[in-house]
Amino acid sequence: MSLFKARDWWSATLGEGEEFDQGCLCVGDVDNSGTGHDKVVVGSYMGMLRVLSPHSSKAGEGPQSQADHQLLEVQLPHPIIQVEVGKFVSCSDQLHLAVLHPRKLSVYAVSGTAGNVEHGAQYQLKLVYEHNLQRTACNMTSGPFGGVTGHHSVCIQSMDGMLMFFEQESYSFGRFLPGFLLPGPLAYCPRTDNFLTVSSTRQLESYRYETLAVATEAESRQDPELPLKTGGKRLTPDWTVILGEAALDLSVPSFSHASSSICVLGERNLYCFRDNGQIRFMKKLEYNPSCFLPYASVTEGTTNLLLGNHNNMLLVYQDVTLKWAAQLACVPVAVRVANFSELRGVLVTLSSEGHLQCSYLGTDPSFFSTPKVDAREVNYEQLDAEMKTLQRFIREATRTQDILPKADTEEALTVTTTVSSSMDTPSQALIQDIDGLSVPSVTVKVKVKSSCVLQGSKLTISVSSPLAVSQDQFTLEPMGVGSSTVVAFSAFLNGHYPPADLTGDIALSYSSPTELNPKGVPRVHQSRFDLPLALVCMSTSPAKSAKHKITVDTNKPPVNLTAVFPEFYEKSEESDGNSLAVQFLSGARVTVLASKTSQRYRVQSESFEDMWLVIKELVQRFEHHFIKQGVKDIRHSFTAPLPLPEYFQTVDHHFQLRVSAQHYQDLLAERAVQFRAIQRRMLTRFKDKTPAPLQNLDTLLDATYHQLMALADAAEENRLLLEQAFVRLRSSTHLLVLLLCLWQGLAPDQTNILEATLLPLLQDTPTLGWEESCDAAVSHLLRSCLSRSPKDQATSLAQSTGPMLGLPADTSRLKKHITLLCDRLGKGGRLTLASEANVQVPVQVQTLVRPGGVEPIAEAAGDTEDPPLAQDAAKFIKKKQPSKKAKKGLVQ
Amino acid sequence: MEVTMDPLFLAWSYFRRRRFQQCSDICSKILEDSPYDQAAWSLKTRALTEMVYIDEVEVDQEGIAEMMLDESSIAQVARPGTSLRLPGTSHGGGPTPAVRPMTQSGRPITGFVRPSTQSGRPGTMEQAIRTPRTASTARPVTSASGRFVRLGTASMLTNPEGPFIHLSRLNLSKYSQKPNLSKTLFEYIFHHENDVKNALDLAAQATEHAQFKDWWWKVQLGKCYYRLGLYRESEKQFRSALNHQEVVDTYLYLAKVYQRLDQPITALNLFKQGLDRFPGEVTLLTGIARIHEEMNNITSATEYYKDVLKQDNTHVEAIACIGSNHFYTDQPEIALRFYRRLLQMGVYNCQLYNNLGLCCFYAQQYDMTLSSFERALALVANDEEQADVWYNIGHVAVGIADLTLAYQCFKLSLAFNNDHAEAYNNLAVLELRKGRIEQSKAFLQTAASLAPHMYEPHFNLATLSEKIGDLQSSYIAAQKSEDAFPEHVDTQQLLKDLRQHFAVL
């Protein structure tokens with residue numbers, strides 16, 4: 001990674017298919033021209049020796065000038081593994097070229113003779129002397145060994161660890177390095193006269209020249225098994241430092257006379273030691289280095305070095321601080337600094353493939369330039385057309401498929417319920433007859449037809465008590481596409497009082513597997529069915545007078561009751577069509593009288609609540625009847641004063657039973673405490689070591705037990721009565737709601753509110769009963785939409801935090817409220833939940849009532865004073881960046 | 001002209017030039033002729049090791065098993081600023097998640113993906129198994145499996161005739177006596193074969209043979225102990241090695257042990273001690289900066305990254321981290337300069353162009369925004385990156401109010417990466433604007449379940465639920481949002497409202 005590349009001053013590619021390594025490059029004034037200008041000497045593994053003198057090429061010069069730069073090219077018979085320039089010839093101050101071959105060391109003199117013609121000087125290579133080596137050489141180092149001045153000796157390290165020393169033309173001695181396995185770099189430190197190498201034990205070892213000289217002669221130790229000769233000393237290093245890694249290169253730069261430092265380029269770290277083995281600094285390298293060269297000391301005490309790595313970089317460090325980084329064209333295996341005639345301090349780098357480059361550092365941007373994105377020629381019409389097609393596809397796709405599956409428009413299955421028109425014979429009822437009347441039952445068939453695969457379907461049927469069914473749960477077999485299943489069951493009355501509701505609920509839970517979800521998505525399907533009125537009553541003769549009378553008006557001419565209630569006229573002979581009487585199986589007789597002249601119908605009965613089912617049936621059947629005849633605007637009305645006293649009787653009855661249930665509860669608790677106390681006392685008596693008389697405790701226990709049982713029985717009886725009373729209460733409340741609607745002609749939505757207010761519970765519990773919850777709802781309505789003035793609304797709502805709901809002391813408050821409610825409704829009060837001051841609960845209810853009501857919320861949030869959704873919409877969107885970099889290794 | 005060279009010399013030369021395959025081939029040939037040539041054997045061992053060598057300092061894969069079955073936990077509730085496990089406990093200066101997104105473990109997203117950025121302690125097993133979106137691969141089950149095993153098997157493939165060295169037949173005690181072979185052999189066993197137990201055996205015998213004076217063997221013992229999860233033992237070895245000779249690597253290893261032991265303060269002190277010895281060492285400075293960043297102390301981290309750049313101004317990690325810090329502190333122009341620098345240095349990948357695009361957008365250089373993203377899309381390497389780029393384009397589209405484009409971009413992002421929680425969140429907001437409550441809710445729930453660490457989906461869900469009157473869900477979601485981002489004012493406000501409301505009821 002670098003900002004700049006090394007500026008190319010001169011470059012050449014040497015040979016073809018030739019290989020070069022670390023030792024193959026050296027610079028020096030090899031031809032002793034005396035100008036101080038360096039020549040570049042390159043030897044290859046293929047045996048080519050080249051001497052080059054680069055100078056900046058002038059414009060207009062062709063390949064011929066390239067030849068001009070090359071002073072000499074000689075093919076030697078052996079591979080060249082290292083070249084060095086030094087004073088290798090005794091009695092000569094001239095620089096000579098030492099060339100190391102695997103088995104030979106040759107020293108050449110390079111000389112040039114100035115030519116007379118334009119072609120320039122002529123250069124010659126002359127062999128001065130050579131040494132044949134017994135062992136394969138690996139590398140060499142040269143220097144004034146032993147402190148001699150004026151000329152250089154050569155030390156060659158062989159592949160098997162022998163150091164061979166040559167003093168110019170003569171071979172002086174050879175020494176084996178101890179513990180040798182693979183050769184490491186070799187360097188000579190002139191200041192301390194030491195040889196440095198990094199051995200296979202991964203430590204930097206320093207050997208004194210003197211020690212080497214007096215150590216055991218290598219040739220005598222050919223066989224390591226033989227004991228050492230006494231003639232020499234065993235070779236031990238002067239000092240060692242453990243590096244823990246193999247070294248690539250070793251260099252002993254000496255920039256001052258006071259000290260010299262030893263730089264070691266390890267595979268992963270760069271070390272710098274003082275010449276006594278103390279560490280000066282080290283730097284962990286985050287790349288794979290290839291070569292290095294300490295070249296100068298710019299400021300006192302620091303070392304500047306060049307470092308090439310395998311990412312084609314040349315880095316300049318001052319100690320550990322990176323000063324410059326430049327991009328190279330290829331991985332350098334050797335780097336040198338040379339002075340040429342036109343430029344001083346040129347970086348000479350050699351790559352493994354023979355790319356020789358002379359460059360200098362400059363601010364040329366690195367030659368990486370981003371490739372162009374395949375930009376198309378912009379043709380706007382074509383683009384527009386393409387865009388349009390694509391948009392159409394997108395629109396199509398968004399309509400048909402989405403990330404979330406759309407809610408199925410068609411149900412996965414259809415459930416059809418058929419209630420048979422005739423009663424079962426024989427009857428399936430559990431209670432065969434009530435008060436001498438036989439209890440009928442009716443068969444209900446449920447047909448499940450699936451349009452997809454269904455699994456684990458369960459059908460549950462629920463009817464309101466005291467109705468019952470012969471089987472209320474069915475497990476269906478897994479169904480395929482288009483298959484259907486039919487289940488049948490009987491419904492009948494299972495109690496001694498009429499029900500409040502003749503509808504039954506069917507719930508079908510199933511799971512429909514999809515491709516991705518083989519276990520299936522659980523779903524529920526619900527449907528309802530209506531049981532016939534004839535299930536709970538039978539026709540009888542009309543009664544002329546009754547305690548409770550309710551008159552319903554219609555706006556249409558009277559109809560024959562035989563047409564409306566055909567099933568009740570089958571058995572009775574006298575069918576005048578003006579009167580109908582039904583006898584509930586366990587209750588009162590209800591008579592319907594149709595006026596011959598006016599459009600009125602009177603329903604009368606001894607029992608108030610029993611009229612509900614009949615009136616409901618009547619109203620429904622009339623509507624049905626007229627719709628069948630094509631009459632649209634059928635309207636029922638009710639004028640007489642509301643039968644509130646009768647209603648309150650039912651309420652009171654229910655309340656009384658609740659109170660007594662509470663009473664029984666208390667009594668039971670009291671007796672239970674007493675029972676336990678007696679038990680405890682008896683237990684202590686029995687456990688006593690000295691038996692004491694029981695003092696009639698056993699009798700007491702017995703009596704309390706009997707009391708408990710009697711109380712429990714009574715409570716259970718009361719519970720049954722309460723259940724019955726609640727059903728009656730529901731009947732009468734339904735009736736009241738119906739009458740209120742008829743009276744005021746309330747719309748269906750208002751009827752729903754009214755029903756929800758007056759019938760908040762489906763079941764009574766000891767803790768939460770009908771009275772208190774109904775009272776709370778009614779008083780809320782009275783405070784909110786039915787209050788006298790909007791001002792009232794606000795104030796009353798503010799203090800609406802009522803006490804906890806609980807069993808009230810009496811029903812007078814509730815009665816008062818209900819009366820007030822009817823009164824307000826009668827005065828034209830309108831039931832609505834969307835009153836202005838209403839902010840809290842109704843939102844929930846509204847969404848429940850009108851599923852479409854949520855639509856405007858998003859908009860409303862935008863323009864009202866409550867803006868979190870709209871305002872924050874931009875904020876929620878996360879500023880999010882993905883991983884900035886991939887792994888480190890990738891980017892370098 | 002053909003010239004003959006000594007094959008061993010050639011192999012040695014190839015090794016120096018990092019042509020390991022050629023080196024290994026030549027060595028195999030030599031070994032066929034003379035099977036007992038120790039030099040060739042050693043060179044081949046080194047070549048094979050170098051082929052798969054990864055600096056052990058950088059290798060930090062904490063497996064699920066290590067994390068969840070960690071028994072060495074000392075203090076569950078650490079004091080603020082002393083633990084890496086409680087990322088929220090920064091002492092000021094840390095950015096809030098509203099400004100800078102968080103990773104799954106609750107750290108701010110860093111500018112540079114490195115192996116340890118996926119570490120951190122997940123609270124639940126479920127969270128541990130889930131792959132964070134910022135990491136490329138799933139977490140291995142244990143650190144003994146995962147990458148190391150894959151490397152081992154890969155090296156088997158290159159030698160169809162079987163492994164080069166049969167570890168089971170090695171007489172370790174014999175080799176441990178030979179200091180010139182043992183280190184090479186150790187590295188081979190450790191890096192190439194990934195057989196930590198044998199490596200430990202060898203190291204133990206070798207350090208005994210070296211009379212406990214060779215610091216290198218102690219470091220290797222420490223590495224083995226670290227791999228085996230015996231952190232205290234490895235700490236002891238590293239400490240002892242430092243007494244012999246101070247080396248940068250030892251400091252790094254020891255600091256890694258302390259980080260694993262969740263003692264970031266000790267690690268910081270150690271790094272500083274190392275800096276006293278090796279002033280200006282880049283790896284130590286980077287280590288300090290990383291710890292500060294992980295502890296959510298971004299200001300100090302940036303300071304240290306700047307120090308790194310003073311030593312090495314080509315340090316990619318430092319540039320990227322400073323750049324992303326500038327971006328998240330609302331200085332996109334400066335961030336842009338840093339990223340441009342990276343680009344000039346030759347970093348050429350999808351992430352960089354993506355970041356450039358975002359910076360350009362926030363610096364209002366709109367002309368460059370789209371072309372940067374175009375390049376980023378041209379450079380994507382995998383689906384996750386593509387999803388991220390599309391997500392950011394969608395983000396830009398939201399910024400220029402082209403909601404249709406934004407919608408399509410987020411959809412594309414999800415098409416490329418089905419787990420992109422941020423895209424789900426933003427898509428939900430767009431759906432809500434279209435009035436599709438159910439869709440929006442479903443997307444928010446998906447986003448919340450995919451990324452429980454993000455507060456946005458929770459808060460959006462809370463607001464939405466509150467609007468449609470589902471106060472219970474709203475409250476639950478708001479609480480989750482508060483957990484993810486306790487200082488978020490809007491969440492606080494919403495919670496307050498809800499509590500008041502419930503009190504009234």
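Q: Which residue takes a positive phi in the hairpin of E14(A) and E15(A)?

A: In this predicted model, look at Asp193(A), whose phi is positive and near 60°. The hairpin that holds Asp193(A) has 4 residues between strands E14(A) and E15(A). The strands themselves, with E14 at residues 186-189 of chain A, pair in the antiparallel sense over 4 bridges. To find your place on the ladder, start from Ala187(A), whose bridge partner in E15(A) is Leu196(A).

Q: And on the way from E15(A) to E16(A), which residue of the hairpin takes a positive phi?

A: There it is Arg202(A), with a phi near 65°. This hairpin, too, has 4 residues between the strands. E15(A) and E16, residues 203-208 of chain A, run antiparallel and are joined by 5 bridges. One of the pairs to look for is Val198(A) with Leu204(A), its bridge partner in E16(A).

Q: How many residues of strand E15 of chain A are buried?

A: Here a cut-off helps: a residue counts as buried if 20 or more other C-beta atoms lie within 10 Å of its own. By that count, 5 of the 5 residues of E15, 194-198 in chain A, are buried, and the strand is mostly covered. Now look at the directions. Asn194(A), Leu196(A) and Val198(A) point one way, while Phe195(A) and Thr197(A) point the other way. Both sets are buried.

Q: How do I read a whole sheet? In what order do E10, E11, E12 and E13 of chain A stand?

A: Begin with the strand order, then ask which strands are at the edges. These 4 strands form an open sheet in the order E10-E11-E12-E13, with antiparallel pairing. The edge strands are E10 (137-143) and E13 (170-176) of chain A, each of which pairs on one side only. From one strand to the next, the twist averages 20°. For a closer view, take E12, residues 162-167 of chain A, which pairs with E13(A) over 6 bridges in the antiparallel sense. Met162(A) stands opposite Phe176(A) of E13(A).

Q: Which strands stand at the edges of the sheet E2-E3-E4-E5 in chain A?

A: This is another open sheet of 4 strands with antiparallel pairing. E2 (25-28) and E5 (70-75) of chain A stand at its edges; each has a single partner strand, so one side of each is left without a neighbour in the sheet. Direction ignored, neighbouring strands are turned by 15° against each other on average. E2(A) is joined to E3, residues 39-43 of chain A, by 4 antiparallel bridges. Within E3(A), Val41(A) is the bridge partner of Cys26(A).

Q: Where does Asn32(A) lie, and is it buried or exposed?

A: Asn32(A) lies in the loop between E2 and E3 of chain A. Its phi is positive, about 50°, although Asn32(A) is not a glycine. As for burial, it falls in between: Asn32(A) is partly exposed because it has 16 other C-beta atoms within 10 Å. Compare Gln211(B), in the loop between helices H9 (196-209) and H10 (215-227) of chain B. Gln211(B) has a positive phi near 55° and is also a residue other than glycine. With 7 C-beta neighbours inside 10 Å, Gln211(B) counts as exposed.

Q: How do I read the buried residues of a helix such as H17(B)?

A: Think of the helical repeat: an α-helix has 3.6 residues a turn, so residues three or four places apart point the same way. In H17(B), the buried residues are Pro332(B), Ala335(B), Leu336(B), Phe338(B), Tyr339(B) and Leu342(B). They cover an arc of only 165° around the axis, which puts them on the same side of H17(B). These buried residues pack against helices H16 (316-328) and H18 (350-362) of chain B. H17, residues 332-344, reaches 18 Å from its first C-alpha to its last, close to the 18 Å expected. Just after H17(B), Gly346(B) takes a positive phi of about 105°.

Q: Where in chain B is confidence lowest, and where is it highest?

A: Where pLDDT is low, the predicted coordinates should not be read in detail. Confidence in chain B is lowest in helix H6 (residues 147-158), with a mean of 42, and highest in helix H13 (residues 264-277), at 93. Residues 117-123 of chain B have a pLDDT below 50, and pLDDT stays under 50 over residues 131-158 of that chain. Chain B as a whole averages 81, and 78% of its residues score at least 70. The model's scores are ipTM 0.83 and pTM 0.68.

How values were computed:
Residues numbered from 1 in each chain as written. Chains lettered and ligands numbered in written order. Predicted model: local features only at pLDDT ≥ 70, side-chain atom pairs only at ≥ 80, totals over all residues. Pairing = 2+ DSSP bridges. Helix = DSSP H or I, 4+ residues; strand = E, 2+ residues; numbered from the N terminus. Axes fitted to C-alpha atoms, helices over the stretch in contact; angles between N-to-C directions. Buried ≥ 20, exposed ≤ 12 C-beta atoms within 10 Å, placed from the backbone. Expected span 1.5 Å × (residues − 1). Arc of directions from axis to C-beta. Contact = placed C-beta atoms within 7 Å. pLDDT = per-residue confidence, 0-100.
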